[in-house]
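Subject: Structure for you, with notes

Hello,

Here is the structure I promised to pass on. My notes follow below it.

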Amino acid sequence: MTDPSPKTSHNRPACQRAERPASSTRRPGRRCRRTMAQGLSAEEVRNLPVTIDLVTAGRALGIGRTKAYQLARTGDFPCRVWRVGHSYRVRTTDLQTFLGIDPAASPAQRKDM
């Protein structure tokens, strides 16, 4: 025997679906703030500490977290990556060299660029 009530993809009758309240619906074109992380400017890259984590290096390169870890595991990350325990570290000077940012540029030279 077949059940005459319509089923949803969740295998529940349509009348038992939980409806979202109107306040929790997302507006089209809006993204979660977490997924819209901004990249780093040249000045922000110059001001980074001596070593940085892989996520920060990826942000400077415009690479997402998952892709950065994938590239580091396969040895394809654009900069040299050190494995320290369970984390990855990137030397800031390697990142600056790859990006073509002169870390020794004086503030007067930076304004001319």
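First, a caution: this is a predicted model.

I start with the hairpin of β2 and β3. It has 2 residues between the strands. Gly85 in this hairpin takes a positive phi near 65°.

The sheet

The hairpin belongs to an open sheet of 3 strands, in the order β1-β3-β2. Pairing is antiparallel. β1 and β2 are the edge strands, each with a single partner, so one side of each has no neighbour in the sheet. From one strand to the next, the twist averages 40°.

The bridges break down as follows. Strand β1 (residues 51-53) is joined to β3 by 3 bridges. Strand β2 (residues 81-84) is joined to β3 by 4 bridges. On the β1 side, Thr51 has Arg91 as its bridge partner in β3. Asp53 is partnered by Arg89 of β3. On the β2 side, Trp82 stands opposite Arg89.

Which side chains of β3 (residues 87-91) are buried, and which are not? The side chains alternate along the strand. Tyr88 and Val90 point to one face and are buried. Ser87, Arg89 and Arg91 point to the other face and are not buried.

Arg89

Arg89 deserves its own look. This residue is found in strand β3. Its relative accessibility is 27%, so Arg89 counts as partly exposed; the buried class would need a value under 20%. Leaving out residues up to four places away in sequence, Arg89 touches Thr51, Ile52, Asp53, Arg80, Val81, Trp82 and Val84. Take Thr51 from that list. Arg89 and Thr51 are 38 residues apart in sequence, yet their C-alpha atoms are 6.3 Å apart in space.

The core

The largest nonpolar core has 17 residues. Which of them touch the most other members? They are Val45, Leu48, Ile52, Leu54, Phe77, Val90 and Leu95. α2 (54-61), α3 (65-74) and β3 are the elements that give two or more residues to this core.

Leu54 is worth following further. Apart from neighbours within four places in sequence, Leu54 is in contact with Ala68, Tyr69, Ala72, Phe77, Val81, Tyr88 and Val90. Two of these names, Tyr88 and Val90, are on the buried face of β3.

The helices

Two packed helices are described by the angle between their axes and the distance between the axes. For α2 and α3, the angle is about 110° and the axes are 9 Å apart. That makes α2 roughly perpendicular to α3. From α2, the contact uses Leu54, Val55 and Gly58. From α3, it uses Arg65, Ala68, Tyr69 and Ala72. By class, this contact has 5 nonpolar, 1 polar and 1 charged residues.

Helix α4 (residues 92-99) lies across β1, β2 and β3. It runs at about 60° to β3. Which residues of α4 are buried? They are Thr92, Asp94, Leu95 and Gln96. What covers them includes α1 (42-46), β1, α2, β2 and β3. Leu95 is also on the list of core residues that touch the most other members. Just after α4, Gly100 takes a positive phi of about 75°.

Best wishes

Technical notes. Residues numbered from 1 in each chain as written. Predicted model: local features only at pLDDT ≥ 70, side-chain atom pairs only at ≥ 80, totals over all residues. Heavy atoms only, no water. Buried < 20%, exposed > 50% of the residue type's maximum accessible area, 1.4 Å probe, protein only. Pairing = 2+ DSSP bridges. Axes fitted to C-alpha atoms, helices over the stretch in contact; angles between N-to-C directions. Contact = heavy atoms within 4.5 Å. Core = buried A, V, L, I, M, F, W, Y, C linked by side-chain atoms within 4.5 Å. Parallel < 35°, antiparallel > 145°, perpendicular 65-115°, else oblique. Nonpolar A, V, L, I, M, F, W, Y, C, P; charged D, E, K, R; others polar.
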